[in-house]
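Okay, thanks everyone for coming. I'll put the structure up and then talk through the parts I found worth a look.

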Amino acid sequence: MAKSYPRISVRPPGPKAKAIIERDRAVTSPAYLKEYPLVIARGEGAMVEDVDGNRFLDFMAGIAVTSTGYNHPAVVKAVQEAAAKFLHICAGDFYYEGLAALCERLAGIAPGPGKKRVFLSNSGTEAVEGAMKLARYATGRTAFIAFKGAFHGRTYGALSLTSSKARQHSGFGPLLPDVHHVFYGYCYRCEFGKTFPQCGIFCVDHIEQDLFRRHLDPQNVAAIFVEPIQGEGGYIVPPPGWLGKLRELCTRHGILLVMDEVQSGIGRTGKMFACEHEGVVPDILVTAKGLGSGMPIGAFIAREEICTWQPGAHGSTFGGNPVSCAAALATLDLVEKELMPNARVQGERLMKGLRGLAEKHGIIGDVRGRGLMQGIELVNDRATREPAGDLAKKLMDTAFGKGLLTLAAGRNALRFAPPLVVDQEDVDIALDILERCLSELD
């Protein structure tokens, strides 16, 4: 059966969309960054329809959030049933089954042996903040290490870890002190001019050889925060063994390893968490985005041995909202039973198709990713790997005009993070649209 999307009836933004955009611009904060003039009216599965009746194939999922699509019947039913019972009770002060059930579930699926403890938040950023507090409390140390290109959020602690774009820091200093940034395992653009595997994963060695030798006593470091696949930084997959070597460094110096799986977790890469591809077990794992299929919820999951803080040391009025917990439980059911395997199958098809496009179009310098978290890096010249300036933005805008929703990432990459419900036809449609867009931009 042919898909009813993409379908562009009126060049976006159409008249209804323009009217809403005008109202929005008159009253909303200028801090909102609008990528392109999409004014959504409804969604279904991997389809988004705007207020003028245009239909789009969604390959960005609200920044990797709508993991089960926009209104999966099982998630909608769970939300409706929970909402009919009670909308709120503070999880910090009282008990309810949904919170206990979700924490049981997350503790059970988190990587590694041993008992875990779970704290639920409203978002990924809040979960990062909580993980920072726990790391300092548990270790009695103050310093943090994060990576250049990282994105961990926009509240002050998380923003201090973030190293994605200068404008995200501009005007907000001073940020949290004692945060240090080092180079990520970005082999396509190695900062040291080395080649993997001959380099021996030098970028991890450099942390000890430079940072620990000249600037920072490792005994002062509470935690290293890392994305197993760098999201906002460009969907960068570090080389095999990189995460493992980082784990060894942390263990050697008594540093906690915090895995930020806000974007990469909950089945997106074909495993529940991306760090499982490398068999690396963190001390604390942070997740959010796809966990609630669009309902606001996040979590940080820690080894019980480091959960030494006392009642009241951390809290949240709305974290672990009962309706969001119900959505998360329904989401996990779907992800474990069918959507995680689908992410592997469709991810392989997408990767094969993107590599095929790279053979035809020289502006694609690199294709990378896992499962349904993939990206292409655009260059002016493959030999020099000169970044292609604003070409990612042009490709994103061109795709939008043809009915495909994507998002840029990093300096010059385009990311693909569709709902995990996409099928073979959806992948082929997306690849066909990309082919036409690339042909126009070549």
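I'll go through the sheet, then the hairpins, then some backbone oddities, and end with the cysteines.

Just so we're clear, this is a predicted model.

Let's start with the sheet. There are 7 strands in it, and they make an open sheet with mixed pairing, in the order 4-10-9-8-7-5-6. Strand 4, residues 116-121, and strand 6 sit at the edges, so to speak, each pairing on one side only. Going from one strand to the next, the twist averages 20 degrees.

Now look at the strand 6 edge. Strand 5, residues 143-147, runs parallel to strand 6, and 4 bridges join the two. If you want a residue pair to find on screen, Phe144 has Val179 in strand 6 as its bridge partner.

What packs on this sheet? Helix 8, residues 242-253, does, and it touches strand 5, strand 7 (221-226) and strand 8 (256-260). The direction of helix 8 makes about 170 degrees with that of strand 7. Then there's helix 4, residues 97-109, which lies across strand 4 and strand 10 (298-303). Helix 4 runs at about 125 degrees to strand 4.

Okay, on to the hairpins. Strand 2 takes part in two of them, one with strand 1 and one with strand 3. Strand 1, residues 40-44, pairs with strand 2 in the antiparallel sense over 4 bridges, and Gly43 stands opposite Val48 in strand 2. That hairpin has 2 residues between the strands, and Gly45 takes a positive phi near 60 degrees there. On to strand 3, residues 55-58: strand 2 and strand 3 run antiparallel too, joined by 3 bridges. Here Glu49 has Arg55 as its bridge partner. The hairpin has 4 residues between the strands, and in it Gly53 has a positive phi near 90 degrees.

Are the faces of strand 2 covered or open? Both are covered. Met47 and Glu49 on one side are buried, and Val48 and Asp50 on the other are buried as well. So to the acidic ones in the room: yes, Glu49 and Asp50 are in that buried set.

Next, the backbone oddities. As a reminder, most residues other than glycine have a negative phi, and most peptide bonds are trans. Against that background, Ile63 has a positive phi of about 65 degrees. Ile63 is in helix 2, residues 61-64, and is partly exposed, at 37% relative accessibility. Asp178 also has a positive phi, near 65 degrees. You'll find Asp178 in the loop between helix 6 and strand 6, partly exposed at 28%.

That loop also holds Pro174, and the peptide bond joining Gly173 and Pro174 is cis, with omega about 0 degrees. There's another cis bond from Phe196 to Pro197, with omega near 5 degrees. Pro197 is in the loop between strand 6 and helix 7, residues 202-215.

Last stop, cysteines. How many disulfides does the structure hold? It holds 0. Take Cys187: the closest cysteine sulfur is in Cys199, 6.0 Å away, and that's too far for a bond. For Cys325, the closest cysteine sulfur is in Cys103, at 6.9 Å, so again too far. We'd need the two sulfurs within 2.5 Å to call a disulfide. As for their surroundings, Cys187 is partly exposed at 39% relative accessibility, whereas Cys325 is buried at 0%.

That's my tour, thanks.

Conventions. Residues numbered from 1 in each chain as written. Predicted model: local features only at pLDDT ≥ 70, side-chain atom pairs only at ≥ 80, totals over all residues. Heavy atoms only, no water. Buried < 20%, exposed > 50% of the residue type's maximum accessible area, 1.4 Å probe, protein only. Pairing = 2+ DSSP bridges. Axes fitted to C-alpha atoms, helices over the stretch in contact; angles between N-to-C directions. Contact = heavy atoms within 4.5 Å.
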